[in-house]
Amino acid sequence: MTEYISILTCPACRHQSAEIMRPDACLHVCECKGCGVLLRPKAGDCCVFCSYGSVPCPPVQEERGRR
Ligand SMILES: [Zn+2]
C-alpha cells in the first residue's frame with residue numbers, strides 16, 4: 001500500500017505538518033509553517049518527503065516495495 005500523507009518535520013524548528021503527496025510529482029521545496037524556512041531535499045534525496053517526511057514519496061515507496 002502506498003501512503004500519500006507524510007508528516008514533515010522541520011529540521012530548524014521541529015515543527016511537524018501533515019502534507020498530502022501527489023502520486024505523480026515530487027515536492028522539491030516546502031515552506032515550514034512553523035518558522036517559514038524553505039525546506040529542500042538533502043543531497044541524494046529526490047524530494048522533501050524523502051529527507052524530512054515520515055514516509056518517502058510514492059515513487060520511492062514503490063521502488064522500495066519492489067525489491
Ligand atoms: Zn521550521
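With a relative accessibility of 57%, R14 counts as exposed in this predicted model, because the threshold for exposure is over 50%. R14 belongs to the loop that runs between β1 (5-9) and β2. Its backbone is also notable: the phi angle of R14 is near 65°, a positive value in a residue other than glycine.

L39 provides a contrasting case. This residue is part of strand β4 (residues 38-39), and it is buried, with a relative accessible area of 4%. The C-alpha atoms of L39 and P11 are separated by 8.3 Å, although the two residues are 28 residues apart along the chain. P11 is also one of the contacts of L39 beyond its neighbours within four places in sequence; the others are C10, H28, V29, C30, V48 and Y52.

The two residues whose accessibility is given above are set out below.

| Residue | Location | Relative accessible area | Class |
|---|---|---|---|
| R14 | loop between β1 (5-9) and β2 | 57% | exposed |
| L39 | strand β4 (residues 38-39) | 4% | buried |

The largest nonpolar core has 14 residues, of which L8, V48, F49 and C57 touch the most other members. Helix α1 (residues 48-52) supplies the largest share of this core, namely four residues. In soluble globular proteins, nonpolar side chains tend to be buried together. For L8, the contacts beyond four places in sequence include V48, F49 and Y52, together with H15, Q16, S17, E19, C30 and G53.

Helix α1 is also the packing partner of a second helix. In α2 (residues 58-66), the residues P58, V60 and Q61 are buried. Viewed down the axis of α2, these buried residues fall within an arc of 160°, and they therefore line one face of the helix. The buried residues of α2 pack against α1.

A search of the whole structure identifies one cavity of 30 Å³ or more, and the volume of the largest cavity is about 40 Å³. The elements giving two or more residues to its lining are β2 (16-20) and β3 (30-31). L8 and L39 both take part in this lining, alongside C10, H15, S17, E19, C30, E31, C32 and K33. By class, the lining comprises five nonpolar, two polar and three charged residues.

Several residues thus recur in this description. L8 is among the core residues that touch the most other members and also lines the largest cavity. V48, likewise named among those core residues, is in contact with L39.

Note on methods
Residues are numbered from 1 along each chain as its sequence is written. This is a predicted model: local features need pLDDT of at least 70, side-chain atom pairs count only at pLDDT 80 or more; totals for chains, interfaces and linings use all residues. Side-chain values use heavy atoms; hydrogens and water are left out. A nonpolar core is a set of buried Ala, Val, Leu, Ile, Met, Phe, Trp, Tyr and Cys residues joined through side-chain atoms within 4.5 Å. Buried means under 20% relative accessible area, exposed over 50%, partly exposed in between (1.4 Å probe, protein chains only). Contact means heavy atoms within 4.5 Å. On a 1 Å grid over the protein atoms alone, a cavity is a set of points where a 1.4 Å probe fits but cannot get out, and a pocket is an open set with protein on both sides within 12 Å along at least five of seven lines; lining residues have an atom within 4 Å of a point. Grid points are joined across faces, edges and corners, and a volume is the space filled by probe spheres set on the points. Ala, Val, Leu, Ile, Met, Phe, Trp, Tyr, Cys and Pro count as nonpolar, Asp, Glu, Lys and Arg as charged, and the others, Gly among them, as polar. The arc is that of the directions from the helix axis to the C-beta atoms.
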